[in-house]
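Biologist: I am learning to read models of proteins, and I would like a close look at a single helix and its surroundings. Could you take one part of this chain and explain it carefully, step by step?

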Amino acid sequence: MSKATLNTDTVHRVGFLDKASLHIPILRILQADGTTYETAVLPVIDEALATKIYDTCVFTRVLDERMLGAQRQGRISFYMTCTGEEAAIVGSVAALDSEDVILAQYREHAALRYRGFTTEQFMNQMFSNEKDLGKGRQMPIHYGCAALNYQTISSPLATQIPQATGVGYSLKMQGKRNVAVCYFGEGAASEGDFHAGLNMAAVLKCPVIFFCRNNGYAISTPTEEQFAGNGIASRGVGYGMHTIRVDGNDMLAVLAATQQARAYAIEHNAPVLIEAMTYRLGAHSSSDDPSGYRSKEEEAKWQQHDPVKRFKLWLINKGWLAEADDAQRYEKYREEVLAAVKVAEKLPIPMLDEIIEDVYDKPTPALKKQLSELKEHIKKYPQSYPKSAGRL
C-alpha cells in the first residue's frame, strides 16, 4: 500500500469512525444586517465587481419572475428559477476567468448572464425560435454558449460531473491556466456519475472546481432522506481533495472560497469541492408544487436569509448603492424582459432541415430519409404541426 495515500498509524483496540469524526466548519463573512464578522477575511472585491454581481442578481430575479409568469400563461412550456440561490451561483462565477469552462446543471442561468448572455439570447432559447443558439432542440432553460465557455445543459442528472473531469484534464494537457467549474445539486451527488467524476479528477489531478448547491431538497426529497453522512463536503475529503463548506447565501463567503479554490486548482493541477449550504426559495420547477413537501413556515424562515437582500445591505453600507437606483434597476429590467418576450415569441422556429445538422460532418442517408418522411408526414397533417408546417 502506498504511504503517500494511506495513513500508516496503527492501533491495538477496535475503534470506529463515524460522521462526527470529521469536523467541517462553515465559512461565513457577511451577516444578515449587511455587516461583516469582526474577524472575517474579505475576498478581493471592488465597487465595479460588486455592482456587476448585484446587477446580475437583480436581472435574474426579474427574469425568473417574468418567465415563470410566461410559463403559467402558456407562452413557454417549462421554467426553473434561481431564487434563493443567487449568491451561490453569482458569487462563484464572479471568481472565475472568462476562459474557465462552466458545466452547469440547470439552475445556473445567473452565471451565464454574468458572462454576458443577452436578454434576447435568453428569450430566443426559451421560445426555441430561429435565433436560438441551440436551434430549438432543447427544453427551455437548457442553455449553452460556446462563445462564453458555457457548455450546453443536459436534462439527465449529473452527466456533467464526469464531463467536467474530462474538460479539466484537457485544460491541463493543453497547459492552460484555467479550470473547469461543475455545478450540481446535492441530489445529483447521489448519482454514480458524481463518484466516478470526483474520483477520476482526484486521481488524475484535474483542475476542476466541483460546486455543490446543497439547497435542502432533491425535487421533493429532503436531505435527511437522501444521505446519512455529513453532507457532501465529507465526500470530497474521502476522495482526497481540498474541500470547503460555505454559507451559500453569503455572497462574500462564496466569492472568497471560489477565488481561493481556483488559485489552488491551477497552482496544483488538482480538484476542489465546494459545498454551498443554501435554500431553494421557489419550486423545483414550473411543474412542481412545494406545498406538498414543505411548510409555509419553513419557507418564511428562509426568506429571512435572502442572499440578494443581504448583499444589497452590504452595498448600501459601503455607499455603493442607493435605494432609488435599486428601484430603477428593477423597473428597467422588467421592461427589458417584457419587450424581449414580445419579440422572441413572434419569431418563427428554425427551418426543419436544420434538425439533422451538426451531428455528422454530412447528414447520413438514413437521416436524410427520415427527414423526408417527416416532411411528408407534416404536409399530410399540417393542422397538427402549425409551427413546423411553415418551415419545410
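**A close look at helix α10**

Modeller: An unreviewed UniProt entry places the feature "domain: Dehydrogenase E1 component" at residues 55–350, and the model in front of you is a predicted one. The end C-alpha atoms of residues 55–350 lie 32 Å apart, and this span is 45% helix and 11% strand. The helix I have chosen, α10, covers residues 307–318.

Before turning to the helix, it helps to have the whole chain in mind. The secondary structure of the chain comes to 12 helices and nine strands. For 392 residues the globule rule gives a radius of gyration of 21 Å, and the chain has a value of 23 Å, which is close to it, so the chain is as compact as a globular protein of that length. Taken along the principal axes, the C-alpha atoms fill a box of roughly 80 × 60 × 45 Å. Buried residues make up 50% of the chain, and among contacts with a separation of 6 or more, 73% join residues 24 or more positions apart.

Now to α10 itself, beginning with its length. With 12 residues at 1.5 Å a residue, α10 should span 16 Å, and because its end C-alpha atoms are 17 Å apart, the model agrees with that expectation. At the N-terminal end, aspartate 306 caps the helix, with a side-chain oxygen 2.9 Å from the backbone nitrogen of valine 308. Just after α10, glycine 319 takes a positive phi of about 80°.

Next comes the question of what is hidden and what hides it. The buried residues of α10 are Pro307, Val308, Arg310, Phe311, Lys312, Trp314 and Leu315. What covers them includes the helices α1 (47–72), α2 (86–93), α8 (251–268) and α11 (323–344), together with the strand β8 (242–247).

One residue of α1 lets us follow this cover in detail. Alanine 50 lies in helix α1, and alanine 50 counts as buried because its relative accessible area is 0%, whereas the cut-off for buried is under 20%. Leaving aside residues up to four places away in sequence, alanine 50 touches Ile45, Phe311, Trp314, Leu315 and Trp320. Among these partners, Phe311, Trp314 and Leu315 are buried residues of α10. By way of contrast, the C-alpha atoms of alanine 50 and asparagine 149, which are 99 residues apart along the chain, are separated by 22 Å.

The positive phi of glycine 319 also invites a look at other residues with a positive phi. Most residues other than glycine have a negative phi. Isoleucine 219, in the loop between β6 (217–218) and β7 (221–222), nevertheless has a phi near 60°, and isoleucine 219 is partly exposed, with a relative accessible area of 42%. Aspartate 358 has a phi near 75° and is found in the loop between α11 and α12 (365–380). With a relative accessible area of 55%, aspartate 358 is exposed. To return to α10, then, its picture joins a cap from aspartate 306, a set of buried residues and a cover that includes α1 and α11.

Notes. Residues numbered from 1 in each chain as written. Predicted model: local features only at pLDDT ≥ 70, side-chain atom pairs only at ≥ 80, totals over all residues. Heavy atoms only, no water. Helix = DSSP H or I, 4+ residues; strand = E, 2+ residues; numbered from the N terminus. Expected span 1.5 Å × (residues − 1). Buried < 20%, exposed > 50% of the residue type's maximum accessible area, 1.4 Å probe, protein only. Contact = heavy atoms within 4.5 Å. Polar contact = N/O pair within 3.5 Å; in protein donor to acceptor, adjacent residues only side chain to side chain. Rg over C-alpha atoms; globule rule 2.2 N^0.38 Å. UniProt positions renumbered as here; feature names shortened; annotations may be inferred.
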